[in-house]
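Hi,

Here is the structure I promised to pass on. Could you take a look at it and then read my notes on the ligand?

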Amino acid sequence: MGAPSSSLGLRILCAAAVFSTLAVSVAGAATLDTVKQRGTLTCGVSQGLPGFSDRDAQGNWSGFDVDFCRALAAAVFNDPKKVTFVPLSAVERFDALKDGKIDVLSRNSTWTLDREAGSGLLFASVMYYDGQGFMVARRLQVTSALELDKASVCVQKGTTTALNLADFFRANSMTYRELAFDTLGDAIKAFDTAQCDVFTSDQSALYANRLGLSKPESVEILPDVISKEPLGPVVRSDDVAWFNIVKWVGFGLVDAEELGIGASNLSEALASTKPDAKRFTGADGDFGRKLGLDNAWALQAVKAVGHYGEMFERNIGSQSRLGVPRGLNQLWSQGGILYAPPLR
Ligand SMILES: N[C@@H](CCC(=O)N[C@@H](CS)C(=O)NCC(=O)O)C(=O)O
């Protein structure tokens, strides 16, 4: 009795598996095909955050989040210029993705359960490990966030920042007066004109925003980090093939750094006989095709923006005005927590 019913069960399971594979590949074709037909990737970025996504007077975008989209466009088209950037506020970003206005969201967005479960969205990877901090006017003579009782705090709406702020003050039996703004520009202006004592955001954004203040030397970034803010690109959850492409472009940039393959030594990588370099360049294996891309997809991405470390240093690290240390965002083999699965 047991055997026939379990083999029937197996057959039903197999049928379900075949069906779900079909469903995935049909849905999975959609975003990549749409992007290819359109001839440009539509990428949601922030409205202006130096180091992450910033637009100059000529309308040229630059930054870490911007470069991620260029790497993705390079992996798809072998042309990093085939991106249309869509600036989005914190409040509107996830709806823009759900509504199909963008193909991917690359906008310092923190991966949380609430933003994924039941939301129709998926975070593809972590591209930057951040944490929330505080920037305070020096006139307050404060050296720790625990001395901020009764402070007035400027914050941007629609962020994890506002939620962590409430948690932190409640957990430490302190009170505060919140001034919440729709746009970063308004929040920073309020802080700069002393309408609030404190500005709070992801630490990376504190470094970025300090640059734009009228008197950057009159403020201090406190050492306290009150939350985990793993930031990464987001896609719709109904397209596993596209999710994999976005995820592996992120992993590919990290793997490239680990393999020592950067923008300046691509020809060496192409000439290399090392197995992992050959897989990376597409000389060996069929990894790109499995993603629906050219086998040289990873090389194309690195050619466009460099490997992870180059992208980091140029936009937010030592070669940038922000000067943010690599910290947690160093490779796992160098004391950080960046660890990408192997490209094989
Ligand atoms: N990582 C947090 C905060 C992200 C966020 O939007 N931060 C603001 C404050 S610095 C920002 O980047 N604003 C830029 C903009 O609105 O263009 C989140 O995902 O909620």
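Below is what I found around the ligand.

This is a predicted model, in which local features need pLDDT of at least 70 and side-chain atom pairs count only at pLDDT 80 or more, while totals for chains, interfaces and linings use all residues. Residues are numbered from 1 along each chain as its sequence is written, and side-chain values use heavy atoms, leaving out hydrogens and water.

The ligand has 22 residues around it (a heavy atom within 4 Å), and among these Gln47, Asn108, Thr110, Arg115 and Asp202 come nearest. By class, the shell holds five nonpolar, 12 polar and five charged residues, where Gly counts as polar and Asp, Glu, Lys and Arg as charged.

Three polar contacts (N or O atoms within 3.5 Å) may interest you:

- Gln47 places a backbone N or O atom 2.6 Å from a ligand oxygen.
- Arg107 has a polar side-chain atom 2.8 Å from an oxygen of the ligand.
- Asp202 has a side-chain N or O atom 2.8 Å from a ligand nitrogen.

The protein buries 99% of the 500 Å² that the ligand exposes when taken alone (Shrake-Rupley method, 1.4 Å probe).

Best wishes

Terms used: Polar contact = N/O pair within 3.5 Å; in protein donor to acceptor, adjacent residues only side chain to side chain.
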